[in-house]
Amino acid sequence: MYILTLQADVTGVFSLVNDSGEQVIPVFEEQDDAERYYYMLEDQAESDIPLNIVEIDREVFLDACT
């Protein structure tokens with residue numbers, strides 16, 4: 001699995017807030033998908049925050065979310 005993290009804070013995870021006000025973390029099974037999302041954010045200027053793409057173990061990610 002791949003997630004986006006904040007370059008300035010490796011423990012900071014990039015997230016969005018959905019229409020219900022819930023925090024959502026975009027997660028990708030393939031690195032290519034994470035890269036496309038990253039470039040889409042850059043192209044749309046949705047984020048001025050420098051991001052990294054990081055591979056993370058599925059179980060570690062799910063445990064952190066709970």
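Which exposed residues does the face of α1 turned away from its buried side carry? That face carries R36 and D43, and the legends below place them in context.

**Figure 1. Overall fold of the predicted model.** The structure is a predicted model, in which local features need pLDDT of at least 70, side-chain atom pairs count only at pLDDT 80 or more, and totals for chains, interfaces and linings use all residues. Residues are numbered from 1 along each chain as its sequence is written, and side-chain values use heavy atoms, with hydrogens and water left out. The protein contains two helices and five strands, arranged along the sequence as β-β-β-β-α-β-α. Helices (H or I, at least four residues) and strands (E, at least two) are DSSP runs numbered from the N terminus. The C-alpha trace spans about 30 × 30 × 20 Å along its principal axes. A compact globule of 66 residues would have a radius of gyration near 11 Å, and the 12 Å of the protein agrees with this; the radius is taken over C-alpha atoms, and the globule rule is 2.2 Å times the number of residues to the power 0.38.

**Figure 2. The buried side of helix α1.** The 14 residues of α1 should span 20 Å at 1.5 Å a residue, and its end C-alpha atoms are indeed 20 Å apart; the expected span is 1.5 Å times one less than the number of residues. The buried residues of this helix are A34, Y37, Y38 and L41. They cover an arc of only 100° around the axis, which puts them on the same side of α1; the arc is that of the directions from the helix axis to the C-beta atoms. Buried means under 20% relative accessible area, exposed over 50%, and partly exposed in between (1.4 Å probe, protein chains only). The buried residues of α1 pack against β1 (2-6), β3 (16-17) and β5 (51-55), where contact means heavy atoms within 4.5 Å.

**Figure 3. The salt bridge within helix α1.** The structure holds one salt bridge, defined as a side-chain nitrogen of Lys or Arg within 4 Å of a carboxyl oxygen of Asp or Glu. The side chains of R36 and D33 form this pair, at 2.3 Å from N to O. Both residues lie in α1 (residues 31-44), three residues apart, about one turn of the helix. An α-helix has 3.6 residues a turn, so residues three or four places apart point the same way. R36 is exposed, with a relative accessible area of 52%, whereas D33 is partly exposed, at 31%.
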